[in-house]
Every structure is written in structure tokens, then in C-alpha cells.
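Me: I would like to go through this model with you and ask how each label is earned. Could you set the values against the cut-offs as we go?

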Amino acid sequence: MSFADCNINISATNDPSMAVAEGFKPYSVMFDDFVRVLKMRGRYSPFWFMGDYRKGENRIADSTNAIVLDFDDGMSIEEFKKRIYPNAAFIGTTKSHRKEKNGKVCDRFRAIVPLLTAMDIPNDEYSMTMEEIYRHFPGVDTGCKDAARAYAGNPEAQTEFLYGEFFDWEPFLERAKQRIELARWAQEQKHKALSAKERDGDIFKAMKARFNRIYETGNRNNAVADIILWGKKEGVDYGTIERFVTDLVHSSGDPLPDRELRQLFKYHFRRSA
């Protein structure tokens with residue numbers, strides 16, 4: 001794909017009000033004319049909308065052939081140029097560029113990045129993809145993931161076009177899906193661990209009840225062996241079952257000598273459950 005046969009799709013309105021959603025007319029803008037968009041007095045969006053009404057659910061997905069990255073408090077223009085390379089981008093400074101804002105003076109600009117293929121995906125996947133792209137461009141405004149976002153032009157903008165390749169967004173979507181899948185897997189493991197903890201709690205509760213029933217003079221060794229082997233069968237590790245049974249024995253009122261306890265642990269934990 002070349003610059004000669006590819007325009008950028010936007011919708012725009014001359015109304016500068018941020019509250020207005022009506023009247024976002026669709027345009028397909030030639031590369032040579034795109035500076036006019038960055039310097040317009042109204043607002044523009046990288047999406048076409050059904051009924052010209054700017055709303056996420058109205059986004060016409062297969063028309064989305066550019067993304068907008070808005071930098072307000074982070075990456076400089078020179079840093080962005082290095083990071084976007086070898087991809088193409090239109091850069092336009094915003095009204096607060098190099099002016100004090102929130103106690104800080106820095107580069108504030110917007111980059112419109114033409115895409116290799118249209119982002120013909122649902123809005124939730126669009127947001128996922130943009131979140132992953134943010135990781136590649138630190139300092140970008142995270143509101144850019146909104147599928148109904150509009151941006152104000154700046155008649156005084158300093159503009160620049162970076163020649164290069166069209167941006168391939170699809171690997172970022174795949175990366176986002178993998179990240180979500182990994183987070184889901186981690187959550188499942190956490191849930192399993194909590195379930196196992198609850199199960200172990202029930203096991204220890206049951207073992208304690210059994211110990212209290214069978215531990216008595218004349219049956220102390222057998223009672224200890226019974227609980228040790230039960231814990232081993234349930235997969236309880238040596239250290240845990242040793243501490244658990246030792247506490248039970250010491251609080252029984254008729255404890256076995258520690259030496260005798262250690263012998264029982266070593267002998268019975270080596271046996272097959």
C-alpha cells in the first residue's frame with residue numbers, strides 16, 4: 001500500500017463544543033490535505049459513525065484506518081519519532097504545547113497513525129488493542145481507547161509528516177488477548193488455591209475431631225499414626241502435618257514424649273498411605 005492510493009478516514013464537525021455529538025460528517029482525507037485536519041477549528045474523530053452521531057456503538061468498524069495518540073504529559077516529540085519508527089505518522093502540536101499546565105511545561109501533541117489494515121473489530125477488542133499499544137508509547141492519554149473519542153484541532157499547530165510504513169495493529173490485539181488469557185489463568189489458579197485452602201481447612205477440622213475421639217491412654221501411638229497417615233493421603237506435606245499433630249498432642253493433657261513423636265513421624269510418613 002502506498003500513500004498515493006490511501007486516504008485517512010475521519011469524521012468532523014465545525015462545532016468546537018466537546019459536548020456535541022451530532023453532525024460528525026464522514027470524510028476520506030488525502031495525505032497531502034491532512035494538515036488541514038490538524039489545524040481545523042472544530043473537532044475530528046478517527047471513526048465514521050452511523051447517522052453521523054458520535055457514539056461508540058455507532059462506530060463503523062471497517063472504516064477505521066487510523067489511530068490517534070494524544071500526548072499531554074510524558075513522551076517528547078523526538079522520543080515519539082524514535083518510538084514510531086519505521087512507521088508513518090502525522091504530528092500536530094496542541095494548544096498547550098510547551099506551555100505551563102498543571103505546573104509542568106512539556107511537549108503536548110497529537111499523532112495520527114495510518115494503519116496497514118482497517119480495524120474491523122468490535123469496540124471491546126478495539127479498546128484491548130489500544131491498551132496494548134499504550135504500553136508501546138508511554139505517556140499517551142489512555143482515553144484514546146474510547147471508540148467515540150473526538151479531538152480538537154489547533155489552528156496554530158506545528159505539524160510534521162513522518163514518512164514510513166503503515167502501522168500493523170494486529171499483533172497488539174493478539175498480545176492483548178494473550179495478556180487477558182494469562183490474567184484469567186492466574187485468577188483461576190488463585191481460585192483453585194483458595195478452594196484448596198478451604199478444603200484443607202475442612203480436612204484439618206475433621207482430623208482434629210477424629211484425634212479427640214481416639215486419642216487416649218493405651219491408644220496414643222495408634223491415634224497419632226492414624227492422623228499422620230490420613231494427612232499424608234490428603235497430600236499434606238511433612239512439616240505441616242508434624243506441626244499440626246504436635247500441637248494436638250501437646251494440648252491433649254496426656255502428651256507423648258517429643259522423642260517418641262519424632263519417631264512416629266519419621267516412620268509413618270515414609271510408609272505408603
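Reply: Gladly, and burial is a good place to begin. Buried means under 20% relative accessible area, exposed means over 50%, and partly exposed lies in between, with a 1.4 Å probe and protein chains only. This is a predicted model, in which local features need pLDDT of at least 70, side-chain atom pairs count only at pLDDT 80 or more, and totals for chains, interfaces and linings use all residues. Residues are numbered from 1 along each chain as its sequence is written, and side-chain values use heavy atoms, with hydrogens and water left out.

Me: Why is cysteine 144 called buried?

Reply: Its relative accessibility is 1%, so cysteine 144 counts as buried under the 20% limit. Cysteine 106, at 8%, is buried as well.

Me: How do you know that cysteine 144 is too far from the closest cysteine sulfur for a bond?

Reply: A disulfide is a pair of cysteine sulfur atoms within 2.5 Å. The closest cysteine sulfur to that of cysteine 144 is in cysteine 106, 15 Å away, which is too far for a bond. The structure holds zero disulfides.

Me: What makes the pair of phenylalanine 34 and phenylalanine 90 count as it does, by its centres and planes?

Reply: Rings of Phe, Tyr and Trp (its six-membered ring) pair if their centres lie within 6.5 Å; planes under 30 degrees apart count as stacked, over 60 as edge-to-face and the rest as tilted. By this rule there are 17 aromatic pairs. For phenylalanine 34 and phenylalanine 90 the centres are 4.7 Å apart and the planes stand at 35°, so the pair is tilted. The pair links distant parts of the chain, with phenylalanine 34 in helix H1 (residues 34–38) and phenylalanine 90 in strand E5 (residues 89–93), 56 residues apart. Both phenylalanine 34 and phenylalanine 90 are buried.

Me: And why does the pair of phenylalanine 47 and tyrosine 126 get its name?

Reply: Here the centres of phenylalanine 47 and tyrosine 126 are 5.4 Å apart and the planes are at 80°, so this pair is edge-to-face. Phenylalanine 47 lies in the loop between strand E3 (43–45) and strand E4 (66–71), and tyrosine 126 in helix H3 (residues 123–136), so the pair ties together parts 79 residues apart in sequence. Helices (H or I, at least four residues) and strands (E, at least two) are DSSP runs, numbered from the N terminus. Phenylalanine 47 is buried at 1% relative accessibility, and tyrosine 126 is buried with a relative accessible area of 1%.

Me: What makes arginine 175 lie over the face of phenylalanine 172?

Reply: A charge sits over a ring if NZ of Lys or CZ of Arg is within 6 Å of the ring centre and within 35 degrees of the ring normal. Arginine 175 lies over the face of phenylalanine 172 at 4.8 Å from the ring centre.

Me: Which residues is glutamate 132 in contact with, leaving aside its neighbours within four places in sequence?

Reply: Contact means heavy atoms within 4.5 Å. Beyond those neighbours, glutamate 132 is in contact with Phe172, Arg175, Ala176 and Arg179. Glutamate 132 belongs to helix H3 and is buried, with a relative accessible area of 5%.

Me: Why is arginine 98 called partly exposed, when aspartate 52 counts as buried?

Reply: Arginine 98 has a relative accessible area of 47%, which makes it partly exposed, whereas aspartate 52, at 19%, counts as buried. Aspartate 52 lies in the loop between E3 and E4 and has a positive phi of about 60° although it is not a glycine. Arginine 98, in the loop between E5 and strand E6 (100–101), also has a positive phi of about 60° and is not a glycine. Most residues other than glycine have a negative phi, and most peptide bonds are trans. A cis peptide bond joins tyrosine 85 and proline 86, with omega about 10°.

Me: How many helices and strands are there in the protein, and how do you know that it is more spread out than a compact globule?

Reply: The protein has seven helices and ten strands. Its radius of gyration is 33 Å, well over the 19 Å that the globule rule gives for 273 residues, so the protein is more spread out than a compact globule. That radius is taken over C-alpha atoms, and the rule is 2.2 Å times the number of residues to the power 0.38. The C-alpha trace spans about 95 × 40 × 35 Å along its principal axes.
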